[in-house]
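Reader: I should like to learn how the features of a protein model are read. May we take one structure and go through it together?

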Amino acid sequence: MRSSLRPALTLSAALTLTAPFVAAVPAQALVPPASIATTSAPTATAPAATPTVPGNTFHLADNGLRRTARVLTYGRPGDEVLVGDWDGDGTDTLAVRRGSTIHVSNSLTGGRADAVVAYGRPDDELLVGDWNGDGKDTLAVRRGAEYLLKDSMSPGPADRVLHFGRGSDTVIVGDWDGDGVDALAVRRGAHYFINTTMRSGPADTVVCYGRDADDVYVGDWDGSGEDALAVRRGARYHLADRLRHGPADRSVTFGRPGDVTLVGDWDGDGTDSLAVRRSSGSPAGPVVPGEPGGPVVVPGEPGGPVVVPGEPDGPTDPVDPEQPEPTFDQALAIPPLADSVVDEDGTRVFQLTAQAGTTSFREGVETETWGFNGDFLGPTLRARRGEQVAVEVTNTLGEATSVHWHGMHLPPEMDGGPHQEVEAGGTWRPTWLVDQPAATLWYHPHPHGLTEKHVYLGMSGMFILDDDAADAAGLPSEYGVDDIPVIVQDKSFTADGQLTMESAVPSGVMGEALMVNGTIGAVQEVTTERVRLRLLNGSTLRSYNFGFADDRSFQLVASDGGLLPAPHETNRIQLSPGERAEIVVEMEPGTETMLRSYPQRLGEIADPQGYGALDTLDILRLEAADELAPSAVVAGELSDDERLDEADVTTTRTFVMKDLKLNGQRMKMDRIDEVVTVGTTEVWEVRNEDPLPHNFHIHDVQFEVLSVDGAPPPPELSGRKDTIYTEPGREYRLIMRFEHYANPDMPYMYHCHLLRHEDFGLMGQFVVVEPGTEPPTEVSGPSHEHH
């Protein structure tokens with residue numbers, strides 16, 4: 001017999017508990033159970049006009065989970081079914097629960113129950129496990145976050161009481177470390193907080209697996225003695241052999257999407273497998289007292305599970321049927337250039353007001369949104385290298401926000417990060433000297449813990465910098481005519497057309513509606529031979545791999561921090577959230593093409609479908625006029641800026657993203673994580689060790705990529721950048737120089753720019769100090785500056 005069997009199902013709901021009790025029912029001799037797994041399995045049944053209930057026919061799989069080994073009938077349709085090795089012979093069997101009585105069978109032969117156990121009250125939530133490692137499982141009841149455990153099947157009070165998780169958590173049970181003792185895990189979306197011993201206190205480890213909406217099962221799928229997870233999508237099961245982040249070890253199809261699933265070791269060989277329980281055609285009715293009964297095992301596979309053809313996982317993202325597919329006949333909205341004035345000391349002054357409003361993304365539907373100087377998004381700010389600029393920010397929202405100048409080199413107290421929040425009704429006036437090359441930058445909120453919400457609701461805009469070198473590069477430059485801002489975002493809507501942040505994956509919103517500059521189904525008329533598209537991935541989670549429907553090539557001329565050394569001819573450019581690229585596209589008179597996102601190269605991530613890695617999405621239609629004005633030829637050399645020299649590096653730092661932490665820690669507003677000396681050059685080595693998409697953004701500086709896993713960077717990474725996608729398991733060596741600004745009391749940020757990850761704490765902060773300064777470890781004074 002295995003020391004601990006854990007064929008537990010996911011618990012679908014927390015039930016209200018009253019005082020538990022254990023009693024023997026004298027209908028038959030009580031046989032102490034060795035293992036009971038609970039509870040009723042989750043269903044994936046499509047809505048039907050006449051509800052059906054789970055039947056009492058069970059199709060048991062072999063260890064390969066690809067065929068039925070036997071068919072069993074037990075109990076009545078509608079019974080709650082439990083699985084366990086009741087007599088300790090190493091083979092799991094069934095029990096049915098009716099109210100507070102559990103009718104236990106010691107064999108897979110159908111027929112009458114071998115024992116009846118009374119435990120708890122009809123609305124109790126039962127948990128089962130080998131809580132003391134004696135080889136016999138017993139019962140427990142849950143009261144919110146309190147668990148009352150019995151070490152034997154005897155009457156009387158609980159042997160132990162412990163607390164774990166929250167009362168609203170979903171709970172699963174397993175022997176996570178193979179020591180023969182079962183313990184608890186609580187599920188919150190796709191994150192599992194796991195105890196390896198039965199004790200009160202915090203979790204021992206946290207694992208992210210699958211998607212929020214998945215049904216989850218626990219079993220020892222490879223006979224190792226350690227339980228692990230499986231997630232179900234339709235009739236497809238994705239199984240992990242160890243409790244860890246990462247993709248499934250294998251994927252199998254078994255049964256039908258509407259089946260109820262059970263897990264057990266049906267042949268006693270130490271490896272768990274599946275069973276499916278077919279729906280009954282009978283409506284649910286009252287339970288009739290009496291012993292369960294039914295025929296014995298039926299050999300063979302009549303009426304057994306069937307393989308579902310095609311892709312059983314269903315759609316990648318939630319789709320609202322009320323939202324129609326775009327027809328790409330809406331003129332692309334061009335954000336206006338922000339008005340500015342030059343004051344008496346030569347400072348160019350802009351004004352931004354954060355405000356709430358409504359936006360009609362589709363005719364007849366008003367959606368509540370936020371924006372700057374308008375209902376959604378914000379105007380394009382434009383300044384020239386060498387100018388002193390100031391932005392007068394007014395917050396008319398009902399909560400604090402901030403405005404971060406993403407990609408800008410400026411003093412930390414002007415950066416607009418979480419330390420420079422603007423209170424509701426407040427104002428803020430940052431000012432700085434523009435001292436960096438021409439580039440496509442952007443601005444967006446950065447309030448601590450709420451960045452995803454504020455950006456998702458619409459608060460962002462471009463900030464374009466110009467200089468003489470860019471003017472001489474032969475690039476299209478008439479804003480809104482042949483120089484087009486392209487802010488790409490994805491959104492999800494409720495049935496009544498409001499924005500929702502619900503998602504199938506735990507890392508943020510994977511929206512089903514694509515928009516450019518707030519326009520769904522956008523079309524841009526092209527009137528010149530060449531058009532410059534300033535691409536900004538303004539999404540909070542989704543990456544894009546931009547190309548055109550006819551696979552035409554284009555010239556990549558700039559990345560985050562400005563112009564590349566020379567144009568790069570390509571047909572794809574991938575951008576993760578926060579990244580930018582400038583491309584130049586040639587058009588022929590009277591032709592059209594579709595800007596499209598193709599499947600992305602996100603590396604070895606868990607659930608690539610859920611994160612959109614396999615998606616092909618239409619984004620923006622370009623339609624050329626019958627006559628096109630001539631365009632200049634793009635220069636063969638775009639930038640002669642001197643590259644940073646690794647020989648000048650004084651410090652190398654390592655940053656590891658793992659378990660949604662940076663170097664083992666989550667963000668704390670009053671903790672200084674790194675101290676940098678002004679005037680020095682450093683290398684930052686960045687690794688993503690989560691099976692999730694992450695990228696890495698650094699405030700204040702533009703870095704250059706020295707290598708990716710020891711190899712020279714590809715051409716698209718040859719320019720200056722402030723944000724880079726990090727494939728799991730690869731090392732990115734970034735070189736940067738810290739100049740001009742030092743302030744030991746005010747930090748800059750570095751973080752993942754998948755904004756829910758940032759809000760969750762995948763972020764750190766650094767200060768830049770003068771040489772010889774005592775390195776600070778905490779932010780002095782208040783942890784926020786409010787305005």
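**The nonpolar core**

Author: Let us begin with a single residue, methionine 408, in this predicted model. Beyond the residues up to four places away in sequence, methionine 408 touches Trp432, Gln436, Leu441, Phe463, Leu465 and Asp700.

Reader: To what wider group of residues does Met408 belong?

Author: The general idea is that nonpolar side chains tend to be buried together in soluble globular proteins. Here the largest nonpolar core holds 42 residues, and Met408 is one of those that touch the most other members, along with Leu381, Val391, Trp405, Trp432, Tyr443 and Phe463.

Reader: Which elements give two or more residues to this core?

Author: They are strands S24 (348–362), S25 (365–372), S26 (381–384), S27 (388–395), S31 (439–444), S32 (461–466), S33 (483–493) and S35 (513–516). Another core, of 39 residues, lies apart from this one; Val505, Val705, Tyr732 and Tyr741 are among its members.

**The chain as a whole**

Reader: How many helices and strands does the chain have?

Author: The chain has three helices and 55 strands. Of its 787 residues, 58% count as buried. As for contacts with a separation of 6 or more, 70% are made by residues 24 or more positions apart.

**Strands and their faces**

Reader: How should I read the side chains along a strand?

Author: In a regular strand the side chains alternate between the two faces of the sheet. Strand S8 (residues 126–129) provides a case: Leu126 and Val128 point one way, Leu127 and Gly129 point the other way, and all are buried.

Reader: How does S8 pair with strand S9?

Author: S8 and S9 (residues 138–143) run antiparallel and share four bridges. Within this pair, valine 128 stands opposite leucine 139 of S9.

**Two open sheets**

Reader: In what order do the strands of an open sheet lie?

Author: One open sheet has five strands in the order S48-S55-S54-S50-S52, and its pairing is mixed. Strand S48 (674–677) and strand S52 (723–726) form the edges, each pairing on one side only. From one strand to the next, the twist averages 25°.

Reader: Which residue of S52 stands opposite histidine 697?

Author: Threonine 723 does. The wider setting is the antiparallel pairing of S50 (residues 694–698) with S52, over four bridges.

Reader: Why is one side of an edge strand left without a neighbour in the sheet?

Author: A second open sheet of five strands, also with mixed pairing, has the order S47-S46-S49-S53-S51. Strand S47 (661–662) and S51 stand at its edges with a single partner strand each, so one side of each has no neighbour in the sheet. The partner of S51 is strand S53 (residues 731–737), joined to S51 by four bridges in an antiparallel arrangement. Serine 707 has arginine 733 in S53 as its bridge partner.

**Residues in loops**

Reader: Which loop holds aspartate 700, and what is its phi?

Author: Aspartate 700 lies in the loop between S50 and strand S51 (704–708). Its phi is near 80°, a positive value in a residue other than glycine. Aspartate 700 also belongs to the residues that methionine 408 touches.

Reader: Is aspartate 700 buried or exposed?

Author: The reasoning rests on the cut-off that buried means under 20% relative accessible area. Aspartate 700 has 5% relative accessibility and therefore counts as buried. Phenylalanine 328, in the loop between strand S21 (273–280) and strand S22 (330–331), has a positive phi near 55°. At 10% relative accessibility, phenylalanine 328 counts as buried.

Reader: Where is glutamate 502, and is it buried or exposed?

Author: Glutamate 502 is placed in the loop between strand S34 (499–500) and S35. The cut-off for exposed is over 50%, so glutamate 502, at 65% relative accessibility, counts as exposed. Its C-alpha atom is 7.8 Å from that of serine 492, which is 10 residues away along the chain.

**A cavity**

Reader: How many cavities of 30 Å³ or more does the structure hold?

Author: It holds five. The second largest has a volume of about 60 Å³, and its lining residues include His191, Cys208, His245, Asp659, Arg666, Asp690 and Phe760.

Technical notes
Residues numbered from 1 in each chain as written. Heavy atoms only, no water. Core = buried A, V, L, I, M, F, W, Y, C linked by side-chain atoms within 4.5 Å. Buried < 20%, exposed > 50% of the residue type's maximum accessible area, 1.4 Å probe, protein only. Contact = heavy atoms within 4.5 Å. Pairing = 2+ DSSP bridges. Axes fitted to C-alpha atoms, helices over the stretch in contact; angles between N-to-C directions. 1 Å grid on protein atoms, 1.4 Å probe; cavity = no way out; pocket = protein on both sides within 12 Å on 5 of 7 lines; lining within 4 Å. Points joined across faces, edges and corners; volume = space filled by probe spheres on them.
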